[in-house]
Amino acid sequence: MSGPRPASGRALAAGAAAVAAATAVALLAVGARSADDGAEPDAGETPEELRVRVLATLPHDTDAFTQGLEVHDGVLYEGTGRSGRSWVSATSLADGVERARVDLPEPLFGEGVTLTGDALWQLTWRDGVAFERDPETLAERRTVRYEGEGWGLCHQPEADRLVMSDGSDTLQFRDPVTFERTGEVRVASGSGEVDDLNELECVGNAVYANVWHSDTILRIDPEAGRVTAEIDASGLLTADERRAADVLNGIAFSPDHDAFLVTGKLWPHLFVVEFVPV
């Protein structure tokens, strides 16, 4: 999520294409590496402590107020926010070519995105609207209304459900076709209180969540509502870069490289990282 801030002008198309091309080259160089509705949270044991290890540093559009990030079938999808300045894009990782980009109509504020295989879903913050889009063209197929705020979104194909955050300590479950709410779970951690769950990434049976206004990423067991790991993603930007940027937000797993991509709102870099013990 997260509240708008003053923004610079949108990057020229040529600059965006150059960023995309450089990203593709650097990413390919990394190479392969090795609930019930209303359930109460289960804090369990103290979570594992991990940190990010940077494998590559890639360029990122500093006009992108990143709200959602996902890699699917070799394509990097990015959803951005800010009222009247939101867009969603799809860029090929093989050649760096931007395949599609669609602006949201004013005054909508874009949020998380995810792929279900045959559809791309995109949330809005306080507008109560989810867009179902064609994953190739990003063209709108339909809109669906929902109650409350929309922050992060990811897809668990094994469980046949979407997982959605709203800035609280709760993860909602939704049908990947109808977008109807099917359940929820509150999240707890043995190391302390959990709140501000933001951008999400589903990997196997785990959900990874950015925590708003922090450099922490949580790994969550969505069945038990338990935090199993706390990942320290601090130190990725220099002091000067941080002054010109906003918060950490954006996490995507790239199966082809067995690594995560992380970035933030208005960040100058997209980082290819792995999570290792502290």
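The protein has two helices and 20 strands, both taken as DSSP runs (helices H or I of at least four residues, strands E of at least two) and numbered from the N terminus. The model is a predicted one, in which local features need pLDDT of at least 70 and side-chain atom pairs count only at pLDDT 80 or more, while totals for chains, interfaces and linings use all residues. Residues are numbered from 1 along each chain as its sequence is written, and side-chain values use heavy atoms, with hydrogens and water left out.

Of the 278 residues, 54% count as buried (under 20% relative accessible area, with a 1.4 Å probe and protein chains only). The accessible surface, from the Shrake-Rupley method with a 1.4 Å probe, comes to about 11,300 Å², and carbon and sulfur atoms hold 47% of that area.

The largest nonpolar core (buried Ala, Val, Leu, Ile, Met, Phe, Trp, Tyr and Cys residues joined through side-chain atoms within 4.5 Å) has 20 residues, with Tyr208, Ile217 and Phe275 making the most contacts inside it. Two or more residues come from each of β1 (48-59), β15 (206-211), β17 (226-232), β18 (248-254), β19 (259-264) and β20 (269-277). Apart from this core lies another, of 16 residues, including Leu197, Leu200, Cys202 and Ile220.

Cysteine 202 also forms a disulfide with cysteine 154, their sulfur atoms being 2.0 Å apart (the criterion is a pair of cysteine sulfur atoms within 2.5 Å). Cysteine 154 lies in strand β10 (residues 153-156) and cysteine 202 in strand β14 (residues 197-203), so the pair ties together parts 48 residues apart in sequence. Both cysteine 154 and cysteine 202 are buried, and their link is right-handed, with 55° about the S-S bond.

Key: Buried < 20%, exposed > 50% of the residue type's maximum accessible area, 1.4 Å probe, protein only.
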